[in-house]
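Good morning. I will go through one structure, starting with its sheet and ending with a single loop residue. Please have the display open.

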Amino acid sequence: MNHMYETALLAPARMAKADAAAIKAGISSLELMRAAGLAVAQAVSRHWPRGAVVVLCGPGNNGGDGFVAAEQLRQWGWPVRLGLLGERSALKGDAAHYAKRFQGRIEAFGPQLLKDATVVVDALFGAGLSKALEGPAREMVQAVRDSRLPVCAVDVPTGLDGATGQALGDTYIRADHTVTFFRKKPGHVLMPGRAWCGAVEVADIGIAASVLGDVGLDACENAPVLWSDVYPWPQLDGHKYHRGHVLVVGGESMTGAARLSAMAAARVGAGLVTVAAPEPVWPIYAAALTSVMVHSLSDAEGLDTLLADTRMNAIVVGPGAGASEATRQHVLAALATRRATVLDADAITAFAPEPASLFRAIRGPCILTPHEGEFARLFGQVPGDKLWRARQAASISGAVVVIKGADTVVAAPDGRAVINSNAPAWLATGGSGDVLSGLIAGLLAQGMAPFDATSAAVWLHGEAAQAFGPGLIAEDLPTLIPSVLRALYESVCQIRAL
Ligand SMILES: NC(=O)C1=CN([C@@H]2O[C@H](COP(=O)(O)OP(=O)(O)OC[C@H]3O[C@@H](n4cnc5c(N)ncnc54)[C@H](O)[C@@H]3O)[C@@H](O)[C@H]2O)[C@H](O)CC1
Ligand SMILES: [K+]
C-alpha cells in the first residue's frame, strides 16, 4: 500500500467521496453506519464504567451513528437516554432506518437530559456541520460544557470544522475521546481542534484504503511510515564524509542558539558540524563546543569563502543571528551555493522588508522554519487555515515551509503536506526552534530530501520532548535524540523483519 494512504487526512468533502466510492464498490451505506455506531458503543464501553449514558442525536447521519450506538449500549445493559434534535419524522435515509430500530424512548431535546448522566455521546453534528450552532443545538452544547461531563464525540466534536480545526461559531463540544471513521480529518490534528478532540480513535468501518487511489487525500499526519524507508541510517562501510557536513552560521550576541542547532545536527547523525563564529565571540563558541568545529569568521572573509569547501553540504542561517544586513548577506551567500539551506528565525525576519528578494534567491533546496509571527512578516496575512497557508507559502517561495506550533505543518512547493501531531506542550520553550533547524540540517547533510528530512526532524523533535516531559529546556533535546533514534531504529528493523 502507498505509505501516504496509511496516515492520510481527508477533509469532510473528500470523506464523502470515500464513502461514495466504498458504496460503489459494494458495501452499503447502512453497513457503514452500523459499523460506525458499533465502534462508538465499543469505545464508550471500553473507556467508561457502565453508567447512565446520554446520547445526543442530530438530524443527519452523525445522529444516525448515535442511534446505532445507543441501541448497542442498551443491548449491553447500559441505562441509555437519547435526545433527538428536531422531529423524528424529519429523519431521512439511514438515520431514519436506525432510529426505527432504537428500542428505547426518544426524549425531548434539552439540558434536562444531562441530569444524573455519567457520560455523553455527542452525535449532534459531524462532517455535515456547515454553519454556526444556533438555538437548541447551541444551548445543548453549552449545557454539556457547563456540566463538565465526560464526552465521547462521534466523528468530530460538534461545532468543530473537520477541514480546518476551527470552530464554526462561538461554541463547540470539548471531547475526552473522539471516534472517527476510516481516516482522520485535518481538523483532528490542526489546533485548536486537536485539543478539543481528546484522544482520537480511527475505526475501520469497512472502507478499503484502495479508494484513496481515486479519491486522493488532503494531507498526511506525520509519522515514520512516511519517511523511514529513506531515513539515512549509517552504514558500516561508511565514512564521516558520507554523513555530510553541516555549517551553522553563528550570531554575535545570542551564541546559544547556533550552539543548540549545531548540537542537534551532530546528534541526528551529521558526520561533521562546523559553526562559523563571528571573530569577536569566537572564544565563546570554541570554549563551549568540543566535537563541533568552530571557524572564526572575520568581517573581511565572506561566508562564500568558507563555503568554497564543497563538503559543507547543509547550511543553517538564522538562530541567534540578528535581523541585520550581515544576516541577509549570509543568507544570500548560502542560497547562491544551491546547497541545502535551512533559514530560521532572524534569517527570515531579515527579509521582512523585501520578501521577494529572498524568494528570487531560492534556487536550490531550501527550508523556511517560521513560527506564526515570522510567517506573517514574510508572507503577510494569508487567509485560510494553517495547512492552506503553509502550502501557499511553499508555492510562493519555492521552499519547504514549516509553520511551527503545537500543530506544525510542513508543506512542499509540489503540494505535499504533513501535519505533525506528536509535539507535547513542553516543547514551547526558548531555543527549541534552534534545535529543530539543526535536526533538519543534520538530516539534509546525510542526503535526505528536503520534505522528508523536515518531516522526520519535526517528528524526532516532538518525540524527544515527549520522552523528557515536564521541565524540558532546549538543551535537553539534542541529548534525547539518541534514545529516540534507537527506538525508531528498532521499530523499523522489526517492521523490515516481518
Ligand atoms: N465514512 C464516514 O465517515 C461515515 C460517516 N458517517 C457519519 O455521517 C456523518 C456526516 O453526516 P451528514 O448527514 O452529512 O452530516 P451531519 O450529520 O454532520 O449534519 C446533518 C445536517 O445538518 C445540517 N446542518 C449543518 N450545520 C448545521 C447547523 N449548524 N445547524 C443546523 N443544521 C445544520 C446540514 O444540512 C447537514 O447535512 C459523519 O460525521 C459520520 O458521523 C456515516 O454514518 C458512515 C460513514
Ligand atoms: K459529533
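A word of caution to begin: this is a predicted model.

First, the sheet. It is open, has 11 strands and mixed pairing, and follows the order β1-β9-β18-β17-β16-β15-β14-β13-β10-β11-β12. Which strands stand at the edges? They are β1, residues 8-9, and β12, residues 293-297. Each has a single partner strand, so one side of each is left without a neighbour in the sheet. As a reminder, strands of a sheet pair through backbone hydrogen bonds, either parallel or antiparallel. Strand β11, residues 272-278, runs parallel to β12, and five bridges join the two. If you want a place to look, find A277, which stands opposite S296 in β12.

Next, the helices. Helix α19, residues 450-468, lies across β14, β15, β16, β17 and β18. Against β16, residues 400-403, α19 runs at about 20 degrees.

Helix α3 covers residues 29-47, which is 19 residues. How far should α3 span at 1.5 Å a residue? The expected value is 27 Å, and the end C-alpha atoms are 27 Å apart, so the two agree. Several residues of α3 are buried, including L32, M33, A36, V40 and V44.

Last, G104, in the loop between α5, residues 93-101, and β4, residues 106-107. Is G104 buried or exposed? Buried takes 20 or more C-beta neighbours within 10 Å, and exposed means 12 or fewer. G104 has 15, so it counts as partly exposed. Leaving out residues up to four places away in sequence, G104 touches A70, R74, V80 and L82. From the C-alpha atom of G104 to that of V215, 111 residues apart along the chain, the separation is 38 Å.

Definitions and conventions
Residues numbered from 1 in each chain as written. Chains lettered and ligands numbered in written order. Predicted model: local features only at pLDDT ≥ 70, side-chain atom pairs only at ≥ 80, totals over all residues. Pairing = 2+ DSSP bridges. Helix = DSSP H or I, 4+ residues; strand = E, 2+ residues; numbered from the N terminus. Contact = placed C-beta atoms within 7 Å. Axes fitted to C-alpha atoms, helices over the stretch in contact; angles between N-to-C directions. Expected span 1.5 Å × (residues − 1).
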